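Trainee: I would like to work through this model with you. Please show it first.

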Amino acid sequence: MLAAALLGGGLGAAATGGDEQPPTSDGGALAAYASSASSGSSVSSTSSARPPAQSGLPVPVRRDAQPTALRSRITPTDVAIDSIGLRSTVRPVGVDRSGLMEVPQDVRVAGWYRHGSAPGEGGGATVLAAHVDSAAAGTGPWAKLADVPVGSEVRVSTAEGTVRYRISSVSQLRKKGLDTTALFSSSGPERLHLVTCGGRFDRATGHYDQNVVAIAVRVR
């Protein structure tokens, strides 16, 4: 069962023990994409808003996987989007004790949800998530994700070779509007979901109020 929640505070909130109440999921762009993927149509939504360069991050949650199990032997090691100068190391992550998807604290490193689909596996959504910035390191490479042009190529490196995708939509969604069922879907066409945070940064809570979600489809 998917838990419709987000880790909205990031590094600053983690240091102080801050947390958010799990929001409900009411669909949004990811639900529309999931529907279109099964029907063969496409959805494209863009946002000109850019995440502020503060500290914090978003990250989705899932409770249905065994914390130590690696579903796939295909492991992504790097991700690159030349159009925005994004290059990031990728490492496998699981679920923390709160049921939240783990995310590396280093803003240069993205987490791959290892209990879901893997790049090149043939179907379902591969989920990569990273911090947009941190109080210690400043703005990271994922800060430009909100500005990635639709059609941009995304390359994910694995030990088996490079898997290529093309950005089909970029959305900036309020955290209560993120459909985590669609985000972590293991069915449908092979695709890549890239997630970071955006919107307004609330210094009082240490959280951003939105998520940036870029969806990319496999290019063969």
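Trainee: Does Arg-220 count as buried or exposed?
Mentor: First, the ground rules: this is a predicted model, with local features needing pLDDT of at least 70, side-chain atom pairs counting only at pLDDT 80 or more, and totals for chains, interfaces and linings using all residues. Residues are numbered from 1 along each chain as its sequence is written, and side-chain values use heavy atoms, leaving out hydrogens and water. Buried means under 20% relative accessible area, exposed over 50%, and partly exposed in between (1.4 Å probe, protein chains only). Arg-220 has 74% relative accessibility, so it counts as exposed.

Trainee: Which residue does Arg-220 meet in a salt bridge?
Mentor: A salt bridge needs a side-chain nitrogen of Lys or Arg within 4 Å of a carboxyl oxygen of Asp or Glu. For Arg-220 the N to O distance is 3.2 Å. The partner lies in the loop between α3 and β9, and Arg-220 in the segment after β10, so the pair ties together parts that are 30 residues apart in sequence. The partner is Glu-190.

Trainee: Which other residue forms a salt bridge with Glu-190?
Mentor: Glu-190 is buried, at 5% relative accessible area. Its other bridge has its closest N and O atoms 2.9 Å apart. That pair links distant parts of the chain, 28 residues apart, with the partner in strand β10 (residues 207-219). The partner is partly exposed at 25%, and it is Arg-218.

Trainee: How many salt bridges does the count come to?
Mentor: One of them joins Glu-153 to Arg-155, with the closest N and O atoms 3.6 Å apart. Glu-153 is partly exposed, at 29% relative accessible area. Both residues belong to a network of salt bridges with Asp-82, Arg-87 and Arg-164. The count comes to eight.

Trainee: Which residue in β8 is the bridge partner of Arg-155?
Mentor: Strands are DSSP runs of E, at least two residues, and helices are runs of H or I, at least four, all numbered from the N terminus. Two strands pair if DSSP finds at least two bridges between them. Strand β7 (residues 153-158) and strand β8 (residues 161-174) pair antiparallel over six bridges. Within that pair, Arg-155 has as its bridge partner Arg-164.

Trainee: In what order do the strands of the closed barrel run?
Mentor: The barrel has eight strands, with mixed pairing. Its neighbouring strands are turned by 35 degrees against each other on average, direction ignored (axes are lines fitted to C-alpha atoms, for helices over the stretch in contact, with angles from 0 to 180 degrees between N-to-C directions). The order is β1-β2-β3-β4-β9-β10-β8-β7.

Trainee: Which strand pairs with β9 in the parallel sense?
Mentor: β9 has ten bridges to β10, but those two run antiparallel. The parallel pairing has five bridges. In it, Leu-128 stands opposite Leu-194 of β9. The parallel partner, at residues 125-129, is strand β4.

Trainee: Which residue in the turn between β9 and β10 has a positive phi?
Mentor: β9 and β10 form a hairpin, with four residues between them. Along this pair, Arg-191 stands opposite Val-217, and Val-195 opposite Val-213. In the turn, the positive phi is about 75 degrees, and the residue is Gly-206.

Trainee: How many of the 13 residues of β10 are buried?
Mentor: β10 also has ten bridges to β8, running antiparallel. There, Val-170 has Ala-214 in β10 as its bridge partner. β10 is largely enclosed by the rest of the structure, because its buried residues number ten.

Trainee: Which backbone oxygen does the side chain of His-193 reach?
Mentor: His-193 sits in strand β9 (residues 191-202), where ten of the twelve residues are buried. His-193 is itself buried, with a relative accessible area of 1%. Its side chain reaches 2.8 Å to the backbone oxygen of Leu-183.

Trainee: What share of the 220 residues in the protein chain is buried?
Mentor: The chain comes to three helices and ten strands. Its pattern along the sequence is α-α-β-β-β-β-β-β-β-β-α-β-β. The buried share is 54%.

Definitions and conventions. Polar contact = N/O pair within 3.5 Å; in protein donor to acceptor, adjacent residues only side chain to side chain.
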